[in-house]
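Please open the model in your viewer and keep the selection tool at hand. Each stop below says what to select and then what is found there.

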Amino acid sequence: MSELTRYRRMMTVFIMYFLMICFLAAAFMPRVETIALGLALGTVISWINAFYLGYKVRKMSDDAAEGNLKRVNLGFLTRAALAVLGIFLSMRFPQYFNTYAVAGGLVIAQFSLLIIGIVYSRRAE
């Protein structure tokens with residue numbers, strides 16, 4: 001198993017547990033329902049963006065290994081459009097999603113990858 005696959009799997013497990021906590025908070029604590037659902041929406045978008053970036057990096061490295069030297073982008077506009085869509089949804093439906101929580105949730109996958117990377121680097125020593 002490659003390192004990228006291991007990181008992706010651990011990130012997915014972390015994100016699923018985080019989403020479970022968000023949905024339970026939304027179900028059992030009505031005062032924080034919009035915040036929990038906003039965090040969930042932002043986290044899902046963050047997970048999709050991280051997964052897509054991993055796919056593009058893997059594709060680019062495979063192309064480089066095969067000798068294809070064509071120019072490849074990493075899909076920044078697609079990932080930015082997804083983030084803008086999440087913020088737009090939160091502004092369109094404020095009764096369901098808190099805009100600040102969606103914006104905060106957009107970085108959950110990146111922070112989880114940072115923590116997972118630190119943990120795995122400590123294990124290697």
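The tour follows a predicted model, stop by stop.

Begin by selecting helix 1, residues 3–28, and look along its length: at 1.5 Å a residue its 26 residues should span 38 Å, and the C-alpha atoms at its ends are indeed 38 Å apart, so expectation and model agree. Now colour the buried residues of helix 1, which are Met11, Ile15, Leu19, Cys22, Ala25 and Ala26. Since an α-helix has 3.6 residues a turn, residues three or four places apart point the same way.

Add helix 2, residues 33–66, whose axis comes within 9 Å of that of helix 1 and crosses it at roughly 170°. Because the angle is over 145 degrees, helix 1 counts as roughly antiparallel to helix 2, and the crossing of the two is left-handed.

Next, select Met11, Ile15, Leu19, Cys22, Ala40, Ala50, Ile108, Ala109, Ile116 and Tyr120, the 10 residues that make up the largest nonpolar core. Helix 1, helix 2 and helix 5 (108–124) are the elements that each give two or more residues to this core. A second, separate core has nine residues, among them Ala36, Leu41, Ile45 and Leu106.

Centre the view on Ala109 and, leaving aside residues up to four places away in sequence, look for the residues it touches: Met11, Ile15, Ser46, Trp47 and Ala50.

Finish at Asn49, which lies in helix 2. Is Asn49 buried or exposed? Its relative accessible area is 10%, which is under the 20% cut-off, so Asn49 is buried. Again leaving aside residues up to four places away in sequence, Asn49 touches Arg79 and Leu82.

Key:
Residues are numbered from 1 along each chain as its sequence is written. This is a predicted model: local features need pLDDT of at least 70, side-chain atom pairs count only at pLDDT 80 or more; totals for chains, interfaces and linings use all residues. Side-chain values use heavy atoms; hydrogens and water are left out. A nonpolar core is a set of buried Ala, Val, Leu, Ile, Met, Phe, Trp, Tyr and Cys residues joined through side-chain atoms within 4.5 Å. Buried means under 20% relative accessible area, exposed over 50%, partly exposed in between (1.4 Å probe, protein chains only). Helices (H or I, at least four residues) and strands (E, at least two) are DSSP runs, numbered from the N terminus. Contact means heavy atoms within 4.5 Å. The expected span of a helix is 1.5 Å times one less than its number of residues. Axes are lines fitted to C-alpha atoms, for helices over the stretch in contact, and angles run from 0 to 180 degrees between N-to-C directions. Angles under 35 degrees count as roughly parallel, over 145 as roughly antiparallel, 65 to 115 as roughly perpendicular and the rest as oblique. A crossing is left-handed if the near helix is turned anticlockwise from the far one by less than a right angle, and right-handed if clockwise.
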